[in-house]
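This briefing introduces one protein structure to a reader who has not seen it before. Please look over the sequence and the model before reading on.

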Amino acid sequence: MALLTLLMEPTSLLAVAVLALSLLWWMSIRRPPGLPPGPGPALPLLGHLHLLDKDPRPKFREWRRQYGDVFSLYIGGRLVVVLNGYQTIKEALVKNGDVFSERPSIFVYDRLAKKKGAVWKEQRKVSMEILREMGLGKKVLAEKVQEEVTHYIKALHSYQGQQMDASQMTHVSVSNNICSIAFGQRFEYDDSFFNKLLSAIGEYLKTVGASMVVNFMPWLEYLPGDLFKLKRTLANVDFIENNLIHPVLKEHIDNHTEGNASDFVHAYIREIRKREESGQPTTVNTENLFKVIGDLFVGGSETTATAIRWALVFFLHNPDVQDRCYDEIQRVVGTERAPSMRDKPELTYVEATVMEVLRKANIAPLGVQHGLSRDVTFHGYNIPKDAIVLPILETALFDPEAWDEPSAFRPERFIGPEGKLKKPDELIPFGVGRRVCLGESLARVELFLYLATMIQHFRFLPPEDGQLPSLEGVLGLTYSAKPFTVRAVSRSQNVETI
C-alpha cells in the first residue's frame, strides 16, 4: 500500500514515465548482438535516416571504409543490410541465391502493386518463357528493334543538325520496342496521348525515389501535404494503369483467340486459360498480368532510354570515342546499309563502348532490394529474415582493384591484347543472381543497334555555345543524366537516307 501511495505522487509518476521512456529509447537504439556493424545509436522512429542525404551513396562509401563490405543500419524501424563489392554481392545473390532472392514486403511497393505480382518466381518463369517465344535472344527480335531504330534516325535527321533535347524522342522510341513486344503496336513520336503517358512514367521514376522513405516509416503517409511525393507517385501509377494498361488488357482479352500468340499479352492470356483448364493452383492470372505489364513497360523503356542519353553525354565529352566507333563501322559495315546484330562480332570497339556506357552510366547504383527466405548467417553475422538487403552495384562497377581509372570513360578497357572483347566479372549493371534484370538481353540488343546506327549517321556535338552536359546525374529510381542539348550533325550525304 505504501508503494502504491508512492507511485501516486506526481514526482514519482514523472520518474516512472522517464524511466519507461528511457527503456523504450534504449530498446530502439540497441543493436542486437550478431548483426553486421554499422553507425551508432538509432533515433526512435527515424533510425539512422537523419544521417543520410537525398543521395545516400557518399555516406554508404564512408561506412564501407569504416565497417567493411557488410554493414547495417536502421531506416525507421526496418533493418537494412548493405552489401558492397563484387565478391560479397555474388556470394549472397548467386552462391546463396536460395536465401537472398526473395522480394521483400515493403510499403510503397505493396501499395503500388496493390498486392499483385507478389509471388515473383512463377511470374518470372512464365514471363521469360513468353519473352523467348516473342524472340528474345533471336534474330526476329533484333529485326523489330532495327525497324524502330529506322524511325529514330529519321527523327534525328529532321533536326538538320540544330541543337535539341533528345530525351523525349529517345524515350518514345525505346518504349515502342516494349509496346511492340507486349502489345503488338507502336506510337508515332508526336502522339500527344503517348507522350503524356511517358511523361507520367518519367515523373513516377523521379518521385518514387522520394517515396521510398515511406517504406520504412509508413506513418509518414498520414502527414498533411505530400512531402515525400507518395500521393503524386500513386496518381501517376493510376494514370498509367487507367489510360494504357487497362484498355490494352481489355482489348486483348475481348479479342483473344487460341493459337500462336502475336504479343506478350496474348501469350500470357493463353497461359492463364491453360492453367484454368488444368485446375492447378497458380499465380498466373489477370491480376498478375496487370502488374507484369506495368513492370515490363516502365522498366524496359526507361533504363535503355537513360543509357542512350548517358551515351550522348559521354560522346560529347569524348569525341575521340565517336571517331573510333565510326571508323570501325565504316570499315566493317560501310555506309550502304544499317548495322545489324550479325556485325556485332566484328564491331569490337562499338560493343566495348556499349559495355563502358553500361558501366560508367551506373544506372542502378543501389541495385534492387532483396529479401530473405529465412534467418541466415552471412560473413559471420546474423541477419534476420525481415531485413532488407541492398546490393550496391556501383561498388563492383567502380572498384579500383578491378578497373584502372574507374572514373574515366575508356571503352578500350574491354579489349584484350589480341584485339578480342573481354568481359570482367565485375561488369554487373543489370545485377546478378535469380532476380537479375529480366530485360537484360533486350537492353543489350537495343543499345548496340541504336548506338551503332546513330554513330554511323551522325557526329554528336555540343550546342553552339559549347556547353558540355554535366557528368553528375540525378538519383531517383534510376540514375539519370541531367537535361542537356546536343547537335546531331550528319556525317555524310553518302550515308543511305533512312
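In which helix does leucine 244 lie? Leucine 244 is part of helix α12, which covers residues 230-254. The model is a predicted one, and the points below go from the whole protein to helix pairs and single residues.

**Overall make-up**

- The protein is built with 18 helices and ten strands.
- Among its 498 residues, 52% count as buried.
- The accessible surface amounts to about 23,500 Å², and carbon and sulfur atoms hold 55% of that surface.
- Of the contacts with a separation of 6 or more, 72% join residues that are 24 or more positions apart.

**Surroundings of leucine 244**

- Leucine 244 has a relative accessible area of 3%, which is under 20%, so this residue counts as buried.
- Apart from neighbours within four places in sequence, leucine 244 is in contact with Phe183, Leu197, Phe239 and Phe297.
- One of these partners, leucine 197, is 47 residues away from leucine 244 in sequence, while the C-alpha atoms of the two lie 7.7 Å apart in space.

**Helix α15 with helix α18**

- Helix α15 spans residues 319-332 and helix α18 spans residues 440-457.
- Their axes are 9 Å apart and meet at an angle of about 90 degrees; an angle of 65 to 115 degrees counts as roughly perpendicular, so α15 and α18 fall under that heading.
- On the α15 side the contact is made by Gln322, Cys325, Tyr326 and Ile329, and on the α18 side by Ala452, Ile455 and Gln456.
- By type, the residues of this contact are five nonpolar and two polar, with no charged ones.

**Helix α15 with helix α16**

- Helix α15 also packs with helix α16, residues 348-361, with the axes 8 Å apart and an angle of about 140 degrees.
- The pair is therefore classed as oblique.
- From α15, the residues in this contact are Val321, Arg324, Cys325, Glu328 and Ile329; from α16, they are Thr348, Tyr349, Val350 and Thr353.
- Five of the residues in the contact of α15 with α16 are nonpolar, two are polar and two are charged.
- Cys325 and Ile329 of α15 appear in the contact with α18 and again in the contact with α16.

**Residues with positive phi**

- Glutamine 160 is not a glycine, yet its phi is positive, at about 50 degrees.
- The place of glutamine 160 is the loop between α8 (139-157) and β3 (163-164).
- Glutamine 160 counts as exposed because its relative accessibility is 69%, which is over 50%.
- Histidine 379, although not a glycine, has a positive phi of about 55 degrees.
- The loop that holds histidine 379 runs between β4 (376-378) and β5 (381-383).
- With a relative accessible area of 40%, histidine 379 is partly exposed.

**Cysteines**

- How many disulfides does a search of the whole structure find? The search finds zero.
- Is cysteine 179 buried or exposed? Its relative accessibility is 0%, so cysteine 179 counts as buried.
- Cysteine 437 has a relative accessibility of 33% and therefore counts as partly exposed.

How values were computed: Residues are numbered from 1 along each chain as its sequence is written. This is a predicted model: local features need pLDDT of at least 70, side-chain atom pairs count only at pLDDT 80 or more; totals for chains, interfaces and linings use all residues. Side-chain values use heavy atoms; hydrogens and water are left out. A disulfide is a pair of cysteine sulfur atoms within 2.5 Å. Buried means under 20% relative accessible area, exposed over 50%, partly exposed in between (1.4 Å probe, protein chains only). Helices (H or I, at least four residues) and strands (E, at least two) are DSSP runs, numbered from the N terminus. Contact means heavy atoms within 4.5 Å. Accessible areas come from the Shrake-Rupley method with a 1.4 Å probe; for residues, only the protein chains shown count as cover. Axes are lines fitted to C-alpha atoms, for helices over the stretch in contact, and angles run from 0 to 180 degrees between N-to-C directions. Angles under 35 degrees count as roughly parallel, over 145 as roughly antiparallel, 65 to 115 as roughly perpendicular and the rest as oblique. Ala, Val, Leu, Ile, Met, Phe, Trp, Tyr, Cys and Pro count as nonpolar, Asp, Glu, Lys and Arg as charged, and the others, Gly among them, as polar.
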